[in-house]
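Ready for a few exercises? Try each one with the structure open, then read the worked solution below it.

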Amino acid sequence: MLKPMATVGTIVVAMLALWLSLAPWSKFQGGEGGEAFLATQIKWLNSVANKKYELPNAACFWQQGSIINNIPTGPSDPDCLFEVRDPDFLEVLGVAPTLELVVNTDAHEGGVYFPDTDEFYFASSRRKLGYLASMTSDNKVAHAGDANAEVKKVSLKTGKVSTVFPVTDVANGMALDNDGNLLICQQGQGAKPGYIERVDLKNLNSSIVADNWFGVPFNSPNDVVVKSDGSIWFTDPSYGRAQGFRAKPQVSNQVYRISMTGVVDAVASDFQQPNGLAFSEDEKRLYVTDTGFETGFGDEFDPLKHHHIYVFDILPDGSLGSRRLFASVGMYDGSSPGLGVPDGIKIDTKGRVYVGSPDGVQVFSRTGKSLGLIRLPGACNLGFAGKQLNKLYVLNDKSIRAIQLQATAAGLRYASRFKHQK
C-alpha cells in the first residue's frame, strides 16, 4: 500500500522543514554558499516532484547534506528501510517492498540458490580467531577443525538451517557451475594454498579444480563466477594472510580464469583486495569490487585505499579490455567507517548492480549512477533466488533476509535453465 498523500511534493516540504530545524536560517540567508546549496537541493527535489512519484511504505528520500551548514547527509526519515537517491530506484522496489527475516543464523559468504531442492547455500564467518591467528606459515595441518568456516544451507520452504560441511579450509565465496555443481572458494590454511573446490550436491563428492598459477599457490580465493562457456573466474586477495591463517603471499592479488581444460590464467591485476565479481547478462562486462579500504587487520581501515567497483569490457576473444571505475562506494549516512566496503556483487538483467556494504545493499544503474539503498547494517553478501529469480537474499553475519524486487537475476545459468524446464 502507498502512503496516503505521500507524493514527492509532500516529501519536499517535510525535508526542507527538517533541514531548517537542524540548521539556523541565518546560515542560509547570511551567505551565498548556503543559498546556493539550498537552491540546488530545491531544484533537484522539484525535478523529482514534477514526475509525480509516490513513495512506498518504509521508503524515504536520501538527502545531500552540508558539513559547513551543519545539515546531515542521509535519509529524510531515520527509520526508513529503503533510501531513494534517484527515482529510478522505485522501479526496482515496486509499490510495496518489504525486507523479511528468513532466519537468524551466522551467514557471511556464498549466497547460492540451488533450484532442484529450493535451498540457499552459504558459509559462516570464521570462529575461534585466536586459534587461527596462532597458525604460522610452517603450519601444515589440513584443517583447523571447528575453528573455521562452515558450509551451510537453508531450506527456503521451511527456513530450516543444516550444516553441509562442518570442516572446511576456510570456505568463502560460492557459485553453481553450469551443471549445478557447487563451486567453493577455499582460502587455505597455513602453508596449504587456497583452491577452488567442486562439489556434487547430489552426493557431496568433491574435487579440487585448481590450487595454483604456474606452480605458485593462490593467496585466499574469495569469490567465484561461471561464464556460459564453462570457464571459472575468481578473485584472489590476500585477506588470509592479513587475518592470520595463511602463509605470506607469493603473488600479487589477481583475478584468475580456469579454462574447461583446467588451465589457470591471470586475467586482471593491479588491485589492492579484489573481492566480489559478476558478469553482465550478455557477458560483455565483468564487474570486480576492490575492498582495499578494509585492510583485514581487525577493525583497521585505510581511507586512501580502494572502496570501488571496477568494470572491464570483455573482448570478442574472451580477454579483458582496460579497467575503468564503475562506482566509488560511500556510506549513505556518512557513518563509521565512513567509506563503503563493496563486498558481494550481483547484476540483474537490466544491468543494474547490487553490492553488499556495511550500510546495506547499494543499487546502481548500468551506467554507475547510485539509485538507492536497502538498509541492513552489516550486509556483506547477497544472492538472487526463487522460481523467477527475482527475490534478493541478503547475508549480514547475523541473519538472512529477503526482499521481492521488480528485477530478475543475471548470470544464473543453471537456475535459469532449470526454471525454463519446469
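**Exercise 1.** In this predicted model, work out whether Arg375 is buried, partly exposed or exposed. Then find its salt-bridge partner and say where the two sit in the chain.

*Solution.*
- Start with the area: Arg375 has a relative accessible area of 21%. Buried means under 20% and exposed over 50%, so Arg375 is partly exposed.
- Next, look for the partner. Arg375 makes a salt bridge with Glu83, and their closest N and O atoms are 3.0 Å apart.
- Now place the pair: Arg375 belongs to strand E28 (residues 370-375) and Glu83 to strand E5 (residues 82-84), so to speak two distant parts of the chain, 292 residues apart.
- Finish with Glu83, which is buried at 2% relative accessibility.

**Exercise 2.** Look at the salt bridge between Lys369 and Asp88. Find where each residue lies, and which network they belong to.

*Solution.*
- The closest N and O atoms of Lys369 and Asp88 are 3.5 Å apart.
- Lys369 is in the loop between strand E27 (360-364) and E28, while Asp88 is in the loop between E5 and helix H4 (89-93); the two are 281 residues apart.
- Check the accessibility: Lys369 comes out at 36%, partly exposed, and Asp88 at 28%, also partly exposed.
- Finally, follow the shared partners: salt bridges join Asp86, Asp88 and Lys369 into one network. The structure holds 12 salt bridges.

**Exercise 3.** Find the salt-bridge partner of Lys192, and decide whether that partner is buried or exposed.

*Solution.*
- Lys192 pairs with Asp169, with 2.9 Å between the closest N and O atoms.
- Lys192 sits in the loop between E12 and E13, and Asp169 in the loop between E10 and E11, 23 residues apart.
- Lys192 is partly exposed at 28%, whereas Asp169 is buried at 5%.

**Exercise 4.** Describe the surroundings of Asp177, which lies in the loop between strand E11 (171-176) and strand E12 (182-186).

*Solution.*
- First, accessibility: Asp177 has a value of 5%, so it counts as buried.
- Then its side chain: it reaches the backbone nitrogen of Gly180 at 3.0 Å.
- Last, the contacts. Leaving out residues up to four places away in sequence, Asp177 touches Leu183, Arg198, Val226 and Tyr414.

**Exercise 5.** Explain why strand E13 (residues 195-199) is largely enclosed, and find the strands it pairs with.

*Solution.*
- Four of the five residues of E13 are buried, so the rest of the structure largely encloses this strand.
- E12 and E13 run antiparallel and are joined by five bridges, with Leu182 opposite Val199 in E13.
- E13 also pairs with strand E14 (residues 206-210), again antiparallel, over four bridges. Here Ile196 stands opposite Ala210 in E14.
- E13 and E14 make a hairpin with six residues between them, and Leu204 in the turn has a positive phi of about 65°.

**Exercise 6.** Take the open sheet with the order E7-E8-E9-E10. Which strands stand at its edges, and why is one side of each left without a neighbour?

*Solution.*
- The sheet has four strands with antiparallel pairing.
- Strand E7 (109-114) and strand E10 (161-165) are at the edges; each has a single partner strand, so one side of each has no neighbour in the sheet.
- From one strand to the next, the twist averages 25°.
- Zoom in on one pair: E7 and strand E8 (residues 119-123) share five bridges, and Val112 stands opposite Tyr121 in E8.

Notes. Residues are numbered from 1 along each chain as its sequence is written. This is a predicted model: local features need pLDDT of at least 70, side-chain atom pairs count only at pLDDT 80 or more; totals for chains, interfaces and linings use all residues. Side-chain values use heavy atoms; hydrogens and water are left out. Buried means under 20% relative accessible area, exposed over 50%, partly exposed in between (1.4 Å probe, protein chains only). A polar contact is a pair of N or O atoms within 3.5 Å; within protein, one must be able to donate a hydrogen and the other to accept it, and residues adjacent in sequence count only if both atoms are side-chain atoms. Contact means heavy atoms within 4.5 Å. Two strands pair if DSSP finds at least two bridges between them. Axes are lines fitted to C-alpha atoms, for helices over the stretch in contact, and angles run from 0 to 180 degrees between N-to-C directions. A salt bridge is a side-chain nitrogen of Lys or Arg within 4 Å of a carboxyl oxygen of Asp or Glu.
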